[in-house]
Amino acid sequence: MSNFNSKLKGINVPLIDHKYWSCIQKVNSLISKNNNFHSILKEELRGYSLVDIKGFYLKTNQLVDNIKSRELQNIAIQMNGIGCSDDGLDYFIYWIISQGKLVYQKTKSNPKSLIITNEVGRVHDYEEFGYAAYEVFYDKTNEDLNDYLN
């Protein structure tokens, strides 16, 4: 582990809101028939420093924790038409985050708004979103991001 990388282990600051949501907005604006959100998100994160990649991961976890509730889990069950484990709730929240800041904020203040504005019966989850920072961190360092988390 290099000197910088050992310092990175002690840096535990989530990415600032503006930079995080700007990234999500940019990725959404670049989606086309040939590219999916995940590949574009990873490409965007490749331009980030290791501190910011770690910060993106930490910010994602913070956003998940801030919105997670039994009510939202029940809405996920209703919208997806299937059960929803704890991991499934995280994947559902990743999907919410990938929709952008306004959808996230609206869901946080009124979770039932998701039912009104989205197709019920279609699976709404995005498991891969949770892996993007890990994958890019590994691509850049050949090391596991988990080794840098406290």
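Gln73 has its place in helix H5. In this predicted model, the residue is buried, with a relative accessible area of 6%. Where, then, does the side chain of Gln73 find its polar partners? One polar contact runs to the side chain of Arg70, at 2.3 Å. The side chain of Gln73 also reaches the backbone oxygen of Cys84, at 2.6 Å. Cys84 appears again among the contacts of Gln73 beyond four places in sequence, together with Ser85, Asp86 and Leu89. Cys84 itself counts as buried, at 15% relative accessibility.

Turning to the nonpolar interior, the largest nonpolar core holds 45 residues, and the members that touch the most others are Tyr20, Leu41, Phe56, Phe92, Ile97 and Phe129. Two or more residues of this core come from each of helix H2 (17-30), helix H3 (37-46), helix H4 (50-67), helix H5 (70-80), helix H6 (86-98) and helix H9 (132-141). Phe129 offers a good viewpoint for a reader exploring the model. With neighbours within four places in sequence left aside, Phe129 is in contact with Tyr20, Ile24, Phe37, His38, Leu41, Phe56, Thr60, Tyr94, Ile97 and Ser98. Tyr20, Leu41, Phe56 and Ile97, all on that contact list, are likewise named among the core members touching the most others.

Charged pairs come next. Side chains of opposite charge can pair when their charged atoms come close. How many salt bridges does a search of the whole structure find? The search finds 7. In one of them, the side chains of Lys59 and Asp17 meet with an N to O distance of 2.3 Å. This pair links distant parts of the chain, as Lys59 sits in helix H4 and Asp17 in helix H2, 42 residues apart. The two partners differ in their surroundings: Lys59 is buried, with a relative accessible area of 8%, whereas Asp17 is partly exposed, at 38%.

A further salt bridge joins Glu135 and Lys42, whose closest N and O atoms are 3.1 Å apart. Because Glu135 lies in helix H9 and Lys42 in helix H3, the pair ties together parts that are 93 residues apart in sequence. Here the acidic partner, Glu135, is partly exposed at 26% relative accessibility, while Lys42 is buried, with a relative accessible area of 16%.

Within helix H3, the picture is a local one. Glu43 forms a salt bridge with Arg46, and the closest N and O atoms of this pair are 3.1 Å apart. Glu43 and Arg46 are separated by about one helical turn, because they are 3 residues apart in helix H3. Glu43 counts as exposed, at 52% relative accessibility, and Arg46 as partly exposed, at 34%. The pair does not stand alone, since a network of salt bridges links Glu43, Arg46 and Asp139.

The cysteines complete the survey. A disulfide is a covalent bond between the sulfur atoms of two cysteines. What is the count of disulfides in this model? With sulfur atoms required to lie within 2.5 Å, the count comes to 0. Cys23 is buried, with a relative accessible area of 1%. Cys84, whose backbone oxygen is reached by the side chain of Gln73, is also buried, at 15%.

Technical notes:
Residues are numbered from 1 along each chain as its sequence is written. This is a predicted model: local features need pLDDT of at least 70, side-chain atom pairs count only at pLDDT 80 or more; totals for chains, interfaces and linings use all residues. Side-chain values use heavy atoms; hydrogens and water are left out. A nonpolar core is a set of buried Ala, Val, Leu, Ile, Met, Phe, Trp, Tyr and Cys residues joined through side-chain atoms within 4.5 Å. Buried means under 20% relative accessible area, exposed over 50%, partly exposed in between (1.4 Å probe, protein chains only). Helices (H or I, at least four residues) and strands (E, at least two) are DSSP runs, numbered from the N terminus. Contact means heavy atoms within 4.5 Å. A polar contact is a pair of N or O atoms within 3.5 Å; within protein, one must be able to donate a hydrogen and the other to accept it, and residues adjacent in sequence count only if both atoms are side-chain atoms. A salt bridge is a side-chain nitrogen of Lys or Arg within 4 Å of a carboxyl oxygen of Asp or Glu.
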